[in-house]
There are 2 protein chains.
Amino acid sequence: MASATAINPDLAQERKNATINSEEFAIWWAGGSNELYKKREMAKLFYEDPQFVDHQHIANMSHKELYEYTTEKAVRFLLKLREYLKKQQPEAAPLTPIEEMYELRALMGGPLGSGLFPANFPLRLHYSMFLPTLLRQASDEQCKLWLEKAWNFDGIIGTYAQTELGHGTYLRGLETRADYDIEKQEFILNSPTLTSYKWWPGGLGLTVNMVVLMAQLYIKGRSYGFQPFLVRIRNEKTHEPEPGVDVGDIGPRIGLNGVNNGYLGLKNVRIPLNQMLSRNNQVLPNGTFVKGPEPLLLYGTMVYVRVMIVRDVSVNLLQAATIATRYSAVRRQGVEAGGQQETQIIDFLTQQQKLFPQIAKGIFFRLAADRVWDFYRVVSKELDQGNKRNLAELHALSCCLKAICSDEAAKGIEILRKACGGHGFMASANFGNLYAAATAACTYEGENTVLLLQTARFLVKNYLDGLKRLVLPKTVTYLRMSPQFKWSAKLETLVTVLEITSMERVRHTFFLMQRNKKNPKQTNHAGIQLTKAAVMHGRAFLARMALDSIRGQIKNGTIPPALREVMNQLLNIFIMDLFLSSADEILCFIPSIKGKQIHEVEARYEKCLLAFRRNAVAVVDGFDYHDRDLASTLGCYDGRVYERLMAEARKCELNLEPVNTKSSGHLNRLMKAKL
Amino acid sequence: MASATAINPDLAQERKNATINSEEFAIWWAGGSNELYKKREMAKLFYEDPQFVDHQHIANMSHKELYEYTTEKAVRFLLKLREYLKKQQPEAAPLTPIEEMYELRALMGGPLGSGLFPANFPLRLHYSMFLPTLLRQASDEQCKLWLEKAWNFDGIIGTYAQTELGHGTYLRGLETRADYDIEKQEFILNSPTLTSYKWWPGGLGLTVNMVVLMAQLYIKGRSYGFQPFLVRIRNEKTHEPEPGVDVGDIGPRIGLNGVNNGYLGLKNVRIPLNQMLSRNNQVLPNGTFVKGPEPLLLYGTMVYVRVMIVRDVSVNLLQAATIATRYSAVRRQGVEAGGQQETQIIDFLTQQQKLFPQIAKGIFFRLAADRVWDFYRVVSKELDQGNKRNLAELHALSCCLKAICSDEAAKGIEILRKACGGHGFMASANFGNLYAAATAACTYEGENTVLLLQTARFLVKNYLDGLKRLVLPKTVTYLRMSPQFKWSAKLETLVTVLEITSMERVRHTFFLMQRNKKNPKQTNHAGIQLTKAAVMHGRAFLARMALDSIRGQIKNGTIPPALREVMNQLLNIFIMDLFLSSADEILCFIPSIKGKQIHEVEARYEKCLLAFRRNAVAVVDGFDYHDRDLASTLGCYDGRVYERLMAEARKCELNLEPVNTKSSGHLNRLMKAKL
């Protein structure tokens, strides 16, 4: 057996053969060496601290054990993180609360967060939803009362409770009510039905003691719509549920079982008037409802969350790609004609087709998130000034990107898992947690089909605007373009073809809807066509964005010369993959493109996979994931796959005694039964 | 809240609105009323027995708890099942061991098996692999010694150990060795490397005490290839590992954690000469190796296992479809223009597109499995007589069907899960177990890509035979057909188009390979094209089979008149879905088909979904799954989704005390830290 520090010789050879320097790639990918070193320092801070070493794989634990284990670790993590951040603060310019929240959100959604908490953790929503909601929806006075305490966990651990057992996406259907009692100047909170129970909020089960509760406000029996209320649900000291509060864990899920998702029912729970968050709307003591301005920033928050999801799932996908790529260099199978040693499975084109497009997707999804993030910051400033001219475009873009990227990431992770054969199915390979994270993102914060329909409506509206010769937002300007182009297999042409296809798909759908309008029963029936239009638009955007981004970064020197070739290969793989995945739509809508052209791209695509193969390991090394980030027996830097699989198995609780007494008793019963 | 026996009113209404009778459908689906009643009797036998009621959802359990719980339940199950079968035997003509094994295999892989054992169970391989291997590979003398004991668990619980840590698919790479010691007339068994450890066999971890071990036979240092050996690995009485045996559980997987997959290393373990299973090959006491005839039946076994997989995954898919369809009738979301009540989500075309094709696929995958099963029985008889003329065709067909159906079933289950929104992610919805079963089937018993390549090689060979004007096997006769057809959107035409596309895909790939041959480095590089050819062939076969089967069953009256319309709708949905999923290939290879025709089929497909909607619940009712088969809070017959979700949550161990003492201690630490 190799020594404890040896690198698997196949991986060592891969690194020798590479034409790029992984460190150079890592610096580019991190956005500069400062960023890279900062990230490594954080990783070191936690991973080298013995109190963050796991002694058992979480997949061995019961639901209850996992909760207790995760809570303890999360508390340790937050205490240490705060201490660290405090030390840093005085030197640099102090961050605003919102900036700090952004930082923490990125940290916890990023590789360190998933490395420490592969099943996520129950205090995350305190940062990602509870604090942001207070910040944006509490009045200045309320902020004074609550924000600092909440920020410091001073008697307060919170979450955001909106989704109910019977309603998620359709907010108007939510049933929780808050009736204003003018006499006592209190709100009376109730869950009038089983379906009105809050269901899903992270941390709600046994962890938090306060919530921002979204409830239908009623004053003198009249409804004033959905409003946010700050409610204590557990005693600050004893942690016992408050009177009238029925709260608990919703039970195990397919994944992300560290979140402690909870349910909450309220029965005549009373809170004072000043606990309705009143930055936007307000109730006066006498029961007058004062409607505030349109809460534009709230729309902005939804966009923000979706951009973060795109970024998070790109990490999930790239981690899975790193694991599978390294494993594919180590695993050997079969002998090619004339060969001596068995073939590394990464040499099979069928394997390359599973691995490399995922690497490319992960990269360009992250770049797309960066691009939309920049756009978000511009729009946020505009919204601060009450200007919402770019909000619809930003909203439409973030909807379809969230839907496409979460869907593709989840599918990609499954392809990568299966590319690792049986071993990919081992919990210790960690594809299970990565998949759970990505696939859950297909549903939360806007179910993907619903989001695609929102983007599609934006497209149809703008197509109509285009017919009216109006100026279109930048990302949909192509809806007015001429469908003329000259075929070549160049990337520029492929991107143009994707845009024309998207335009034609929107046109097709628009006219179908026009026809359907005559039949009132069929208004609902354009759904499939609309979602297809949104997907094509998202693909066209991604292709254009990728092309512009890489060309721009090569031109301005952000991508150093030594990385140009490999980045161009990845760009080619990404765009050709989008093109080939859209072949059915392209062939339907662009009559001049035929099988011959598709096969031409297919052949170039395969060549590109073969060419990229040499640097595949060096590129995934360049994402610079710490072994602990990946948490995978198959994906470590040293490639000692089999040793790790065996070591992990030996640690399994079932193997701590040679005979399992309980089960061997049952088996003896069977063997003595004389069947 | 509704009374304990009430049916959700939406589901009641669905059943009233249906034009078909679910019981009539159930009789057809079960293959006659006798079969249906027999199945219901078995379900009653177990589900109404209080010793088979679960008091906790398995997702709450630790890996160790699950093993202990599953073993106990499995022993109870086998004792009861055997008792029941014994009672039945004297009356009917007794089954042969092989027939009885088939029956048991079908029972355990079917809905009752997955209902009782959603994470599978550790004794299953005793039946599905250990006994069949003894039956087929032990000599008559060895059968006398071992078979009856094994059949009755008389001191023997076994599994089949082939796959190793370092090798799965590529059998020649397996490293476990058996050296024959002429003097003592014994084999000396060894795992010479870490990678030679057996890894994966079900039940191997802590359950079985004997294995059929596949090992490379060496006599006087010379290799005689892979042979089967019968080896005791644990003491019959104490269950302690035998000397030289290193055995244990491989640790948790993404799913199927009831299987107790194990690892096994051997160090100088000696077994007597007569424990090499010698029906095929034999070692004489003096060390002479006597090679037997080609073990044709073994190839047959692989085919059998793959056919069973197609059948099993069709059950997984249909169960998921039943759950999601019922839930979609109960769940309401949003108000359509002019509506009063919220819309049932089953009314959205985008939802129908997620549900109905899966119902159709599940049905036709089962019918495909039936068809190949019939073919298998014919070929088995031929093989018994040493005739292998149909083996290659059967093999190729079973390979691509296993690959396509397991892949589509797994994908379909995920689509169905996501169609249930957040609640689909609850462990209690049971999509997790159904998905794990289907996706694991993509890897075991022949990894899907490898299987597709095997089918593709058969296709290419036959295409060449076709060029040579040779007679082709029935399922590939179309490779010689003329690419002429007259377009219409009729099913017959769509099937013909799929066949022509498959033929053209094979032709295209054949000529690509011819060109590649000139470049010896590129022999491996047709992989992507070859797998595409195999997939197209599988689709063409499925479409033709479905068309023939339904037309035939309507003609001969097997499908009663009242079911004809709905079966035709399902046939239409199935074939049009295959057609639209293949649109890129069709448009590439058949120049006369253009966007116009594709959109024509798209429009008909959408109409068909809308038409089928009325009977969707009645059809899934007609699969006649017992609520316990489905094991889903979302899928029960009464549709009381929210009550069940809440009841299941309240049973969760975490909720048995209002405050979790351990974690609240940690949280208090956080709140007192004065951050």
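The following paragraphs describe the chain arrangement, the interface, a sheet, the nonpolar cores and the cysteines of a predicted model.

Local features are reported at pLDDT of at least 70 and side-chain atom pairs at pLDDT 80 or more, whereas totals for chains, interfaces and linings use all residues. Residues are numbered from 1 along each chain as its sequence is written, chains are lettered from A in the order in which they are written, and side-chain values use heavy atoms, with hydrogens and water left out.

Chain B is superposed on chain A by a rotation of 180 degrees with 0.0 Å of shift along the axis, at an RMSD of 0.0 Å, the fit being by least squares on the C-alpha atoms of residues with pLDDT of at least 70 in both copies. This is the relation of a two-fold axis. Both copies use the same surface, since 100% of the contact residues of chain B recur in chain A, contact meaning heavy atoms within 4.5 Å. Across the interface, 141 residues of chain B are in contact with 141 residues of chain A. The buried area is about 12,100 Å², with carbon and sulfur atoms giving 63% of it; this is the accessible area (1.4 Å probe) that the two parts lose on being put together, summed over both. On the chain B side, B:Phe425, B:Met671 and B:Leu675 lose the most area to chain A, together 7% of what that side buries.

In chain A, three strands (DSSP runs of E, at least two residues, numbered from the N terminus) form an open antiparallel sheet in the order β4-β8-β7, where pairing requires at least two DSSP bridges. Its edge strands, each pairing on one side only, are β4 (198–199) and β7 (245–249) of chain A. The antiparallel pairing of β4(A) with β8 (residues 262–266) of chain A runs over two bridges, and A:Trp199 has A:Tyr263 in β8(A) as its bridge partner.

The largest nonpolar core, a set of buried Ala, Val, Leu, Ile, Met, Phe, Trp, Tyr and Cys residues joined through side-chain atoms within 4.5 Å, has 315 residues, and A:Ile363 and B:Ile363 have the most contacts inside it. Beyond its neighbours within four places in sequence, B:Ile363 contacts residues including B:Trp28, B:Leu318 and B:Phe623. A second, separate core of 72 residues includes A:Ile157 and A:Phe187.

No disulfides (cysteine sulfur pairs within 2.5 Å) are present over all chains. For A:Cys420, the nearest cysteine sulfur, that of A:Cys636, is 13 Å away; A:Cys420 is buried (under 20% relative accessible area, 1.4 Å probe, protein chains only), at 2%. The sulfur of A:Cys442 lies 10 Å from the closest cysteine sulfur, in A:Cys405, and is therefore too far for a bond.

Note on methods
Helix = DSSP H or I, 4+ residues; strand = E, 2+ residues; numbered from the N terminus. Buried < 20%, exposed > 50% of the residue type's maximum accessible area, 1.4 Å probe, protein only.
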